[in-house]
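Visitor: Please pick a single part of this model and walk me through it closely. I'd like the surroundings as well, told as one connected story.

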Amino acid sequence: SIELCFHHSDNTDNYGKKLNIRDATLIQKATAGMIELSFAQQVAADADFNGVINVRDATRAQKTIAGI
C-alpha cells in the first residue's frame, strides 16, 4: 500500500498510516492549484513516481483506497 505523510488543516496527520480519501482530495486540490504541497507531501503524492503531481496520481490514490 502507499503510505503518505500529509498534514491536514485540522492539525491531524496520517503519517505512516494508509492512504485515505483526505489524501486523494489534497492531491486533487494541488493539481487544481488550490493548495501548495510541502516537499514531503509532493514526494508522497507522486503515486506513479514520474516527478509530476497530476490527475493520474489522484486517480491512482482513489483506486488504491477503493481496492481496485
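**A close look at one helix**

Guide: The protein chain has three helices and two strands, and from the N terminus on they run β-β-α-α-α. Helices here are DSSP runs of H or I with at least four residues, and strands are runs of E with at least two, numbered from the N terminus. One caution early on: this is a predicted model, where local features need pLDDT of at least 70 and side-chain atom pairs count only at 80 or more, while totals for chains, interfaces and linings use all residues. Residues are numbered from 1 along each chain as its sequence is written, and side-chain values use heavy atoms, with hydrogens and water left out.

So which part gets the close look? I'd go for α1, as its mean pLDDT of 90 (the predictor's confidence in each residue, from 0 to 100) is the highest among the elements of the protein chain. At the other end of that ranking is strand β1, residues 3-4, with a mean of 49. Where pLDDT is low, the predicted coordinates should not be read in detail. Over the protein chain, pLDDT averages 79, and 75% of the residues score at least 70.

Helix α1 covers residues 21-31. At its N-terminal end sits a cap, Asn20, with a side-chain oxygen 2.9 Å from the backbone nitrogen of Arg22. (A polar contact is a pair of N or O atoms within 3.5 Å; within protein, one must be able to donate a hydrogen and the other to accept it, and residues adjacent in sequence count only if both atoms are side-chain atoms.) After the helix comes Gly33, with a positive phi near 80 degrees.

Now, what is tucked away? Within α1, the buried residues (under 20% relative accessible area, against over 50% for exposed and in between for partly exposed; 1.4 Å probe, protein chains only) are Asp23, Ala24, Leu26 and Ile27. Looking down the helix axis, you'd find them within an arc of 160 degrees, so they line one face of α1. That arc is taken from the directions from the helix axis to the C-beta atoms. In the protein chain, 26% of the 68 residues count as buried.

Two of those α1 residues, Ala24 and Ile27, belong to the largest nonpolar core, a set of seven that also takes in Leu19, Leu37, Ala45, Ala58 and Ala61. Such a core is made of buried Ala, Val, Leu, Ile, Met, Phe, Trp, Tyr and Cys residues joined through side-chain atoms within 4.5 Å. Both α1 and α3 supply at least two residues each to this core.

Follow Ala24 across and you see how the two helices meet. Setting aside residues up to four places away in sequence, Ala24 touches Ala58, Ala61, Gln62 and Ile65 (contact means heavy atoms within 4.5 Å). Another residue to check against Ala24 is Thr59: they are 35 residues apart in sequence, yet 7.9 Å apart in space, C-alpha to C-alpha. Thr59 is in α3, residues 55-66, and counts as partly exposed at 33% relative accessibility.

Just ahead of α3, the loop from α2 (39-45) holds Phe49, which is exposed at 68% relative accessible area. Phe49 also has a positive phi, near 55 degrees, without being a glycine. Asp48 sits in that loop too, and beyond its neighbours within four places it is in contact with Arg56, Asp57 and Arg60.
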